[in-house]
Structure formats: C-alpha cells, structure tokens
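Colleague: I should like to request a close look at a single part of this model, namely its internal cavity space, followed by an account of what surrounds that part.

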Amino acid sequence: MEQSGFIVGIDLGTSKIVGVLGRKNEQGVISILASESIPSDSCVKYGVIYNIDEAAGKIKKLINLLENKTGKKIGKVYVSVAGKSLRAIEHTETKLMDNETPITFLDIDKMEQQAKLNKPDFFTNYSVLAPEYYLDGKYEEDPIGKTASTIEGRYRLVIGRPNIKNNLTKSITDKAQLEIASFIVGPVASGALILDEADRQAGCALIDFGAGTTTLSIYKSGLLRYMAVVPFGGRTISKDVQELGFVFDSAETYKIRYGKLGKDRSKPTQGVSPDVDLRELNKVIQLRQDEIILNVINQIKESGYGDQLEAGIIIIGGASQLTGLAEHLAEKSQLPVKKGIAKRVYINNAAELLQNPFYTQALGLLLFANENCEKKEVIAPQPVYTAPIVEKPVVTEPEEEEEEEEETPQPKKNKKNKEDKKQKSLFDFFEKIQNFGGTMFKEED
C-alpha cells in the first residue's frame, strides 16, 4: 500500500535554491524521496531575496521538479532564514513563585511564549533557542517539580531584519501560492545536522562558508551561545578573480579548479589553462579569504568563548571546498579545524546529498519539520438527487350556473377566412368550365 504524507524543505542561498522532499518515521528517521537545485542567479543576495518575482518563478520551477519526481502535489514548505543581519542576543524572562508550589511545564511554557513575543526595535524575532534556568539565582538543569521564589530563564533570540521574512512570504505565499509551514533559522538547522553532542558540550565554532555570507555559530555546554554573520563569501572572491580579466563564470571555475591557500598555493598544478596566471590567481584568492578569516576570528574573540572551544572549528558550506582552507584557517586561528559531515543517524539514505555541502542546510530543515506538506485535493461535493414534489390537484365543488344565459361571443371573421372562401369560389368556377369543355369535346366526337 502506498504511503502518503511527506515533508519539504527549501533553502534559498545566494548561489543555489535547493529543495528536498522526504518522509519521517515515528522514530524521527528521514528517508529522502526527491531533491533538486537550481541557480539563484541574481534574485538572492547575501541570503536574502532581492527580486521577488524572479525568486517566485524559480521556486515554482523547483516545486514542479520535485512533484514530477514523486508524482505528489506539494502544498506547504519549511523555509530557511538567513542573511547578513542575523545575530543571536541574550534575553531573560523572570517569573515569581511562592516558594511552595512546584514549578510545572505550564510555567516553563508561559515563559517561552513570552520570550517569543519579545521584538527588538527594527528587528524580527526569528527563533527562541533553548534557555538555561536559574532558581533563586542558582543554575538548575531541570526546574520541573522544584520550588523557588523566582525562576529565571536565560534565552538566546535569533533576530534579523523584517525584510527577510517579508520577502520570503511575498515570493513563496503570495506569488508561488505555497503555504509556509515554518521559518527555521538556517545556521541552527545546519548545526543540528552536523554537530555531535560531544562537540556542543566541549565548545566549538561552526563556520558556514557560503556564497554571499560567512556565518559563525558558537556552541558551549550543549547550547548556542553566539551567532554573527560576515557579509563576504565565495562569490566575493569570484568577483575579485573576475578583475583579472575573466567573465564571472570563468572566474568561478578557475577559483574552484586551480585555487589554493596557504603553503600549497605555490605548488605547480597540472593542466592549468594558459589564460590563467596561477600565482596571481592564488594571490587574489588568499587576500580576500584572509579578510574573511580575520573577521571570523575577531568575532570569536568578541563572543567571549575564544578560549573555551575545546572541540575547535568545524567548517561547512559550498565555499569551504577551497583547497587548503582548513589548514590555512587552523594556522590563522590557532585552533583545530575539521570539515563537518552530516550525521547518518537522522537520514538513512541519500549518501551523496549528505556529502554535498550545498544540501546541508536544506536537509537540516527536515529535522524540524513535523507537518504534512502534501497538498490536499479538494473534492467538489456531488449533487444529491431529490425527487420533485408533485402537488395533488385540489378538487373544488362546481359553482351553480346562473339562470341568465350569457351571450356566446361570435368569432371574428379574419382575413384568412375570406381568402379561403375566395379560393373555394375560384375552384368551383374553373371546375364548371372544365366540365363544360369536357362536354363539348364529347359531343364533337
């Protein structure tokens, strides 16, 4: 019997718009049924939609590709939230208790709902992350069932400019006619798919090297502690390479194929195009990459967790594939660096997608998805036949005739009656002549 119901995630990146469709079982394990990606071109910049109509057209195309692969109709999607304005801030909620009544789940939930209502000026609250609880000023991992005079929840809110959400809604809901099941912060989704619990507890910096931006997320004691976005990425490097006299597509290709960082950049590379000056190419690439790296290192210091990252740095993203990046970043940051790998514990197939950095964020969205995204076909109600009501004739007693007889109206002689009589007279006349002629001929014979 064919199963119904599935979940869909869409990640609108600066270089690609990626969509994945899967089915989640009762244990939370996901099976990928279909995946697709199309170039963003110029409709997305720095992770934010800039051209609403163009983005809507590409989203429709992506949805059609997924529907054609599965034979199913998509009605709603989970969407990633990204952009250079994203950052995490601290927020505290406090609730007074009577020091006798045990704290309940309802108390905790009310505090979280209140935190979701907090909206800093000129920003939108995109996510409320798991807090730390303090009872009368002392940390408590699980406050449920405990008593205190005050309970304090210290949250991390992920905030960003309102235009991130507004443009997504205009493109996806208004133009592409798709319901948005939920907005999910992209870097948080990536972290859920990539990071081990041991790394989160020990302290690590997750760096997503994207096309338009580079996002830093710092975890410690299992929780997200800091988030910042550097407004430079892989596309910035390609534009620098373009200044060497190449068109953009060639600059992107040469960067990926021949680009090197660190000590390896001076080593000869086989099969280099004669149009490329390898030394000059790598010089341009490293200058911009160093600028991005120094900005990230500065943000790590600003976070206050620079000396608490026992698990070091984990790098992900399409622009993290540059040869020598991990080694060069380790040298600059003086921290161990490794490439992030999606955990197979959550997704039981599609190994090629798990290894593809362009799909990391879209796959991470599915971990937070719980609503069925299949479009419900509305079946028009069939008309119900009802027999017509036939009324019985009403029988009434005949009225008594009056003694005086009414005059019978005489039919009016119309023009047609006159013409009929005229034709009859002519017929009789000709008949008499014909009979008369017939008698004459008979006598002559």
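Colleague: Which helices and strands each supply at least two residues of the lining of the largest cavity?

Modeller: The model is a predicted one, and every value below is computed from it. Strands β5 (48-49) and β6 and helix α3 (162-175) each supply at least two residues of that lining. The lining consists of L12, V44, G47, V48, I49, S80, V81, A82, I164 and L168. The volume of this cavity is about 50 Å³, and the count of cavities of 30 Å³ or more comes to two.

The lining may be followed outwards into the hydrophobic interior. L12, which is one of the lining residues, is also among the residues with the most contacts inside the largest nonpolar core, together with I74, V77, I172 and L363. That core comprises 67 residues, and helix α1 (residues 52-70) gives the most to it, with five residues. A second core, separate from this one, has 35 residues, among them I237, I300, I313 and L335. Returning to the largest core, V77 is in contact with V8, I10, I63, I172, L178, E179, I180, A181, S182 and C373, its neighbours within four places in sequence being left aside.

Strand β6, one of the contributors to the lining, also carries a charged residue. K76 in β6 forms a salt bridge with E371 in the loop between α11 (360-367) and α12 (415-444), and the pair therefore ties together parts that are 295 residues apart in sequence. The closest N and O atoms of this pair are 2.9 Å apart. K76 counts as buried because its relative accessible area is 15%, a value under the 20% limit. E371 is partly exposed, since its relative accessible area is 31%. Salt bridges with shared partners join K76 and E371 to E179 in one network. E179 was named above among the contacts of V77.

This network belongs to a wider set, for the structure holds 16 salt bridges. Two further examples involve helix α1, the element that gives the most to the largest core. In one of them, E36 pairs with K69, and their closest N and O atoms lie 3.0 Å apart. E36 is in strand β3 and K69 in helix α1, 33 residues apart, and the pair links distant parts of the chain. E36 is classed as buried because its relative accessibility is 17%. In the other example, the side chains of K58 and D41 meet at 2.8 Å, N to O. K58 belongs to helix α1 and D41 to the loop between β3 and β4, so this pair ties together parts that are 17 residues apart in sequence. The two partners differ in exposure: K58 is buried because its relative accessible area is 15%, whereas D41, at 42%, is partly exposed.

The loop between β3 (30-39) and β4 (44-45) also contains S40. S40 counts as buried because its relative accessibility is 0%. Apart from residues up to four places away in sequence, S40 touches G13, T14, S15, K16, I17, E54 and K58. The contact with K58 thus concerns the lysine that is bridged to D41.

One of the residues touched by S40, S15, leads to another loop. The C-alpha atoms of S15 and G210 are separated by 8.5 Å, although the two residues are 195 residues apart along the chain. G210 is found in the loop between β12 (204-209) and β13 (214-220). A relative accessible area of 16% is the reason G210 counts as buried. When residues up to four places away in sequence are not counted, G210 touches G233, G234 and A319.

G234, in turn, falls within helix α6 (234-242), which is among the elements that cover the buried residues of helix α7, as is α8 (278-303). In α7 (residues 248-258), the buried residues are A251, Y254, K255 and Y258. These residues lie on the same side of α7 because they cover an arc of only 105° around the axis. The general geometry agrees: an α-helix has 3.6 residues a turn, so residues three or four places apart point the same way. The face of α7 turned away from the buried side carries the exposed residues D249, I256 and R257.

How values were computed
Residues are numbered from 1 along each chain as its sequence is written. This is a predicted model: local features need pLDDT of at least 70, side-chain atom pairs count only at pLDDT 80 or more; totals for chains, interfaces and linings use all residues. Side-chain values use heavy atoms; hydrogens and water are left out. Buried means under 20% relative accessible area, exposed over 50%, partly exposed in between (1.4 Å probe, protein chains only). Helices (H or I, at least four residues) and strands (E, at least two) are DSSP runs, numbered from the N terminus. The arc is that of the directions from the helix axis to the C-beta atoms. Contact means heavy atoms within 4.5 Å. A nonpolar core is a set of buried Ala, Val, Leu, Ile, Met, Phe, Trp, Tyr and Cys residues joined through side-chain atoms within 4.5 Å. A salt bridge is a side-chain nitrogen of Lys or Arg within 4 Å of a carboxyl oxygen of Asp or Glu. On a 1 Å grid over the protein atoms alone, a cavity is a set of points where a 1.4 Å probe fits but cannot get out, and a pocket is an open set with protein on both sides within 12 Å along at least five of seven lines; lining residues have an atom within 4 Å of a point. Grid points are joined across faces, edges and corners, and a volume is the space filled by probe spheres set on the points.
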